[in-house]
Amino acid sequence: MQLIINGEKVELPENVGNVSELIQYFGLDQKVVMIELNQEILEKSKHSETILSNGDRVEMVHFVGGG
Amino acid sequence: MLKIGPYSFKSRLLLGTGKYPNFDVQKEAVDVSETEILTFAVRRMNIYEPNQPNFLEKLNVEKYKLLPNTAGASTAKEAVRIAKLAKASGLCDMIKVEVIGCQKTLLPDPIETLKASEELVKEGFIVLPYTSDDVLLAKRLEEIGCHAIMPGASPIGSGQGIVNPLNLRFIIEQSHVPVIVDAGIGTPSDAAIAMELGADGVLLNTAVSGAKDPVKMAKAMKLAIEAGRLGYEAGRIPKKAYATASSPMEGLSIG
């Protein structure tokens, strides 16, 4: 499956099917990660039930220092 | 106590988390400042570097109320999106609305700020808009339900201090929600003046993170804000044109 993550095309293996698995795939499951899928912001509680499809646009964002 | 929406704070210093020399200095500065509210920004992650350090992991975030900003937004729509992304972390429901209208001065766009704030209030956020020191805009922001008003002292990161104390005074006088002076503070005396004017709090970042010794400056800001607040509560003496002796005139031995 191919997704567009943070504006870049990324090829993913078959075992990545939902948003939780995507976060785990990148080793970010212990991090604070916020997800937007096709311009819809996902609550954390929806990560595991949200299925990904080929061509989906995903934004993966986090908190950085700022004022 | 500083009360913002449903939350109460002992400290009146809100501290930004940008541009510290390193995370250890940042942590120490945050500790000595005794702040209870930290601001930060929302950005894309580098998904290929899962082990990149993040400032949140260095701090005991349970101890703080987190105040993400919408920096990077130039329209209300973008600001609302960033606010919702921040809330999706499940870590916070306060938002500093920051909609920049000019890249040179980093002054906020008043119309987009108002629009974004209105929508975020409706969405149930605790909304703290960063605004210019326009008195009527501050009034409008309060009327639409903002939980605090955050007028700038001078442009972000400029360290110019309070360039229009009169407007700040007018905003403070009319407001029924906390007024937090945000942006432009350079020195502890700037922060003290903001508090003496009657501000409920001060939000600063670069003045501490960019100081030669950020930890010492964090302490200085804490003390200045406390001193300014005490001075405001104590009530200053009126200014007079001429001198008034402090020592008694009676009992002077002459000759």
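Start by selecting A:Phe63 and B:Phe40: both side chains are buried in this predicted model. Their ring centres lie 4.4 Å apart and their planes meet at 70°, so the pair is edge-to-face. You are looking across a chain boundary here, since A:Phe63 belongs to strand β5 (residues 57-65) of chain A while B:Phe40 belongs to strand β4 of chain B.

**Another ring pair across the chains**

Next, pick A:Phe26 and B:Tyr48. How are these two rings arranged? With planes at 85° and centres 5.8 Å apart, they form an edge-to-face pair. This pair also crosses between chains: A:Phe26 is in the loop between α1 (19-25) and β3 (34-37) of chain A, and B:Tyr48 is in the loop between β4 (37-44) and α2 (55-58) of chain B. A:Phe26 is buried, its relative accessible area being 8%. Now add A:Tyr25 to the selection, and you have a cluster of A:Tyr25, A:Phe26 and B:Tyr48 linked by ring pairs. Over all chains, the structure holds 3 aromatic pairs.

**Along β3 of chain A**

Stay in chain A and colour β3. Is A:Ile35 in this strand buried or exposed? A:Ile35 is buried, as is A:Leu37 on that side of the strand, and A:Met34 and A:Glu36 are buried on the other, so both faces of β3(A) are covered. Show the neighbouring strands too: β3(A) pairs with β5(A) in the antiparallel sense over 4 bridges, and with strand β4 (residues 40-42) of chain A, again antiparallel, over 3 bridges.

A:Glu36 is a good residue to centre on. Its bridge partner in β5(A) is A:Glu59, and its bridge partner in β4(A) is A:Ile41. From there, follow the backbone into the hairpin of β3(A) and β4(A), where 2 residues lie between the strands and A:Asn38 takes a positive phi near 45°.

**Over to the chain B sheet**

Now move to chain B and select β6, β7 and β8. These 3 strands form an open sheet in the order β6-β7-β8, with parallel pairing. At the edges are β6 (94-97) and β8 (150-151) of chain B, each pairing on one side only. Helix α4 (residues 110-122) of chain B packs on this sheet and touches β6 and β7 of chain B; the direction of the helix makes about 175° with that of β7(B).

Zoom in on β7 (residues 126-131) of chain B, which 2 bridges join to β8(B). B:Tyr130 stands opposite B:Met150 in β8(B). Keep B:Tyr130 on screen and show B:Lys96 as well: the charged end of B:Lys96 sits over the ring of B:Tyr130, 5.5 Å from its centre. For another lysine over a ring, go to B:Lys65, which lies over the face of B:Tyr7 at 4.3 Å from the ring centre.

**Last stop: cysteines**

Finish by selecting the cysteines. How many disulfides does a search of the whole structure find? The search finds 0 over all chains. Try B:Cys146: why is there no bond from its sulfur to that of B:Cys92? The sulfur of B:Cys92 is the closest cysteine sulfur, but it is 17 Å away, too far for a bond. B:Cys146 is buried, at 3% relative accessibility, whereas B:Cys102 is partly exposed, with a relative accessible area of 29%.

Notes. Residues are numbered from 1 along each chain as its sequence is written. Chains are lettered from A and ligands numbered from 1 in the order in which they are written. This is a predicted model: local features need pLDDT of at least 70, side-chain atom pairs count only at pLDDT 80 or more; totals for chains, interfaces and linings use all residues. Side-chain values use heavy atoms; hydrogens and water are left out. Two strands pair if DSSP finds at least two bridges between them. Contact means heavy atoms within 4.5 Å. Axes are lines fitted to C-alpha atoms, for helices over the stretch in contact, and angles run from 0 to 180 degrees between N-to-C directions. A disulfide is a pair of cysteine sulfur atoms within 2.5 Å. Buried means under 20% relative accessible area, exposed over 50%, partly exposed in between (1.4 Å probe, protein chains only). Rings of Phe, Tyr and Trp (its six-membered ring) pair if their centres lie within 6.5 Å; planes under 30 degrees apart count as stacked, over 60 as edge-to-face and the rest as tilted. A charge sits over a ring if NZ of Lys or CZ of Arg is within 6 Å of the ring centre and within 35 degrees of the ring normal.
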